[in-house]
Amino acid sequence: MHEMLACPGASFTHAGQHDTPSNRGGLISSETRINDRIRVPEVRLVGPNGEQVGIVRIEDALRLAQESDLDLVEVAPQAKPPVCKLMDYGKYKYESAQKARESRRNQQQTVIKEQKLRPKIDPHDYETKKGHVSRFLGQGHKVKVTIMFRGREQSRPELGFRLLQRLAEDVSERGFIESNPKQDGRNMIMVLAPHKTGKGSKSKANAS
């Protein structure tokens, strides 16, 4: 079976690399098979730009990969036949690792702060709480705002709703409503999230 699948294009590398076992296997994980490690008679081939090539023999798929100076990567091994794509696997692994690091960095930086208010909060306390919320959003944190109802206040949920809406409007330059106000037992909860800093904001900052 192995002799039937072997072909001249099965063991190839990119230009400038030596054809050694370390080069062929260095980027291969236990989950992903590439090039001559794909041991099936035929595959459903996808081109480097996502175009559907169709079902081809493994020998032909490996030859196309070699001619394009790309890798043949098995992306859906459970399919019948398995789906393989032509790509630069080294570049793909590098970009995937970069995205994973960026995602972890964003998760670490995002902290959920909490502020608790009463429906009939006095103006001074409101300004203090609003200042905290604004500061947290400015630091890139999410803020969970909780309205605590007591006694007869529980029959007036609209008071809490209006207060949360007012707060969201007052800090709209720093953040937006990620989770709309909702009743949770005796409390009403809303989550605010900071605006994401886009390239435009960075360019303006650099220009100033």
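The legends below describe close-up views of a predicted model.

**View 1. The open sheet of four strands.** In this predicted model, four strands form an open sheet with mixed pairing, and their order is β5-β6-β8-β7. The edges are taken by β5, residues 112–117, and β7, residues 175–184, each of which pairs on one side only. Between neighbouring strands of this sheet the average turn is 20 degrees, with direction ignored. At one edge, β7 pairs with β8, residues 187–194, in the antiparallel sense over seven bridges, and serine 179 has valine 191 of β8 as its bridge partner.

**View 2. Two helices that pack on the sheet.** Helix α5, which covers residues 123–138, packs on the sheet and touches β5, β6 (142–148), β7 and β8, while its direction makes about 170 degrees with that of β5. Helix α6, covering residues 157–170, also packs on the sheet with contacts to β5, β6, β7 and β8, and its direction makes about 10 degrees with that of β8.

**View 3. The largest nonpolar core and leucine 192.** The largest nonpolar core holds 18 residues, of which Leu117, Val133, Val145, Ile147 and Leu192 touch the most other members. Two or more residues of this core come from each of the elements α5, β6, α6 and β8. Beyond its neighbours within four places in sequence, leucine 192 is in contact with Val133, Leu137, Lys142, Val143, Val145, Ala168, Val171, Phe176, Ile177 and Glu178. Apart from the largest core lies another core, of 13 residues, which includes Val56, Ala61, Leu62 and Leu72.

**View 4. Lysine 85 in strand β4.** Lysine 85 is found in β4, the strand of residues 83–87, and counts as partly exposed because its relative accessibility is 25%, a value that falls between the limits of 20% for buried and 50% for exposed. When residues up to four places away in sequence are not counted, lysine 85 touches Val46, Gly47, Pro48, Gly50, Asp71, Leu72, Val73 and Val75. Lysine 85 and valine 43 are 42 residues apart along the chain, and their C-alpha atoms are separated by 9.5 Å.

**View 5. Glutamate 153 in the loop between β6 and α6.** Glutamate 153 has its place in the loop that runs between β6 and α6, and this residue counts as buried because its relative accessible area is 13%, where buried means under 20%. A polar atom of the glutamate 153 side chain lies 2.9 Å from the backbone nitrogen of arginine 150. Leaving aside neighbours within four places in sequence, glutamate 153 is in contact with Arg118, Pro119, Lys120 and Met148.

Technical notes
Residues are numbered from 1 along each chain as its sequence is written. This is a predicted model: local features need pLDDT of at least 70, side-chain atom pairs count only at pLDDT 80 or more; totals for chains, interfaces and linings use all residues. Side-chain values use heavy atoms; hydrogens and water are left out. Two strands pair if DSSP finds at least two bridges between them. Axes are lines fitted to C-alpha atoms, for helices over the stretch in contact, and angles run from 0 to 180 degrees between N-to-C directions. Contact means heavy atoms within 4.5 Å. A nonpolar core is a set of buried Ala, Val, Leu, Ile, Met, Phe, Trp, Tyr and Cys residues joined through side-chain atoms within 4.5 Å. Buried means under 20% relative accessible area, exposed over 50%, partly exposed in between (1.4 Å probe, protein chains only). A polar contact is a pair of N or O atoms within 3.5 Å; within protein, one must be able to donate a hydrogen and the other to accept it, and residues adjacent in sequence count only if both atoms are side-chain atoms.
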